[in-house]
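Visitor: Got a minute to walk me through this one? I'd like the fold, then the pockets, then any odd backbone spots.

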Amino acid sequence: MNQNTVTGDYININLRQLGATSIKEFNSVMHIAEFDLGDGLIVSYVFNITRHNKYFLQRVQPYAMIHGKFASDQEIIDFITEDLTRFKNAKNSHNFDTFLLISHLGHHVTENIEKLFLNYNVDSRQLETVQDELEDSLRHILSLFENSQKIELENTKK
């Protein structure tokens with residue numbers, strides 16, 4: 001039996017135990033697992049098993065995000081378990097829809113920058129303006145992140 005098949009089956013069994021509502025497998029190397037967390041929230045992942053029995057994981061829903069390479073099947077299961085826990089918690093926030101909208105906007109920004117750059121000879125000053133604006137946005141997000149960490153730390157000390 002192919003090692004990828006055994007490994008993929010092991011991961012699939014564990015994902016079903018986590019509540020996967022659908023798992024599709026392609027040639028024993030690519031797996032798509034979907035989780036219905038209720039209230040219309042579907043979280044799905046694609047992972048590939050490489051020739052060297054390493055794993056490449058990305059979340060595809062509710063928004064795409066590459067999570068990279070993992071060394072073992074247990075690392076994949078642990079990551080998905082923690083990720084689902086965070087989504088179950090986050091969906092209870094009254095800001096969750098705004099978060100999803102911002103995530104989708106980020107994807108559209110990346111997509112449109114690529115279309116613009118690969119299809120047109122854009123003036124370097126205009127690209128620098130876009131770069132500056134994106135760097136400002138990133139600094140703002142990192143500042144919010146740091147402030148949130150400080151507040152959480154203060155709350156745990158009380």
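**Fold, pockets and backbone**

Visitor: Before we start, what kind of model is this?
Guide: It is a predicted model.

Visitor: Fine. How many helices and strands are there in the protein chain?
Guide: The protein chain has 4 helices and 5 strands. Along the sequence they come in the order α-β-β-β-β-β-α-α-α.

Visitor: Is the chain a compact globule or more spread out?
Guide: More spread out. The radius of gyration is 19 Å, and the globule rule gives 15 Å for 158 residues, so the chain is well over that value. The C-alpha trace spans about 60 × 55 × 30 Å along its principal axes.

Visitor: What share of the residues is buried?
Guide: Buried residues are 27% of the 158 in the chain.

Visitor: And contacts between residues far apart in sequence?
Guide: Take the contacts between residues at least 6 apart in sequence. Of these, 33% join residues at least 24 apart.

Visitor: On to the strands. How do S2 and S3 run?
Guide: Antiparallel, with 7 bridges joining them. Strand S2 covers residues 30-36, and S3 covers 42-49. Asp36 stands opposite Ile42 in S3. The two strands form a hairpin with 5 residues between them.

Visitor: What does S3 pair with on the other side of that hairpin, going on in sequence?
Guide: S3 also pairs with S4, residues 55-61, in the antiparallel sense over 6 bridges. Ile49 stands opposite Tyr55 in S4. This hairpin also has 5 residues between the strands.

Visitor: And S4 to S5?
Guide: S4 and S5 run antiparallel too, joined by 5 bridges. A hairpin of 3 residues links them. Tyr55 turns up again here, opposite Phe70 in S5.

Visitor: Why is S3 called largely enclosed?
Guide: Because 6 of its 8 residues are buried, the rest of the structure largely encloses S3.

Visitor: Pick me a residue in S2.
Guide: Ala33 is found in that strand. Its relative accessibility is 1%, so Ala33 counts as buried; the cut-off for buried is under 20%.

Visitor: What is Ala33 in contact with, leaving aside its neighbours within four places in sequence?
Guide: Leu15, Ser22, Ile23, Val43, Ser44 and Tyr45. Ser44 is 11 residues from Ala33 in sequence, and their C-alpha atoms are 5.5 Å apart.

Visitor: Pockets now. How much space lies in the largest pocket?
Guide: About 1000 Å³. Its lining has 28 residues. Phe99, Ile102, Ile141, Leu144 and Phe145 lie nearest the centre.

Visitor: Which elements give two or more residues to that lining?
Guide: Strand S5 (65-70), helix H2 (73-90), helix H3 (96-119) and helix H4 (124-157). H4 supplies the largest share, 11 residues.

Visitor: How does the lining divide by class?
Guide: The largest pocket is lined by 15 nonpolar, 8 polar and 5 charged residues.

Visitor: What about the second largest pocket?
Guide: The volume of the second largest pocket is about 250 Å³. Its lining includes Tyr63, Ala64 and Met65. His104, His107 and His108 are also among the lining residues, as is Glu111. H3 gives the largest share of this lining, 7 residues.

Visitor: And by class, how does that lining split?
Guide: The second largest pocket has 3 nonpolar, 6 polar and 1 charged residues in its lining.

Visitor: Last topic: the backbone. What would be normal?
Guide: Most residues other than glycine have a negative phi, and most peptide bonds are trans.

Visitor: Which peptide bond is cis?
Guide: The one from Gln61 to Pro62, with omega near 10°. Pro62 lies in the loop between S4 and S5.

Visitor: Where do I find positive phi values?
Guide: Asp39 has one, near 55°, and is not a glycine. Asp39 lies in the loop between S2 and S3. Gly38 in that turn also has a positive phi, about 85°. In the hairpin of S3 and S4, Asn53 takes a positive phi near 55°.

Visitor: Back to Asp39. Buried or exposed?
Guide: Exposed, because its relative accessibility is 77%. The cut-off for exposed is over 50%.

Visitor: Thanks, that covers my list.

Key:
Residues are numbered from 1 along each chain as its sequence is written. This is a predicted model: local features need pLDDT of at least 70, side-chain atom pairs count only at pLDDT 80 or more; totals for chains, interfaces and linings use all residues. Side-chain values use heavy atoms; hydrogens and water are left out. On a 1 Å grid over the protein atoms alone, a cavity is a set of points where a 1.4 Å probe fits but cannot get out, and a pocket is an open set with protein on both sides within 12 Å along at least five of seven lines; lining residues have an atom within 4 Å of a point. Grid points are joined across faces, edges and corners, and a volume is the space filled by probe spheres set on the points. Ala, Val, Leu, Ile, Met, Phe, Trp, Tyr, Cys and Pro count as nonpolar, Asp, Glu, Lys and Arg as charged, and the others, Gly among them, as polar. Buried means under 20% relative accessible area, exposed over 50%, partly exposed in between (1.4 Å probe, protein chains only). Two strands pair if DSSP finds at least two bridges between them. The radius of gyration is taken over C-alpha atoms; the globule rule is 2.2 Å times the number of residues to the power 0.38. Contact means heavy atoms within 4.5 Å.
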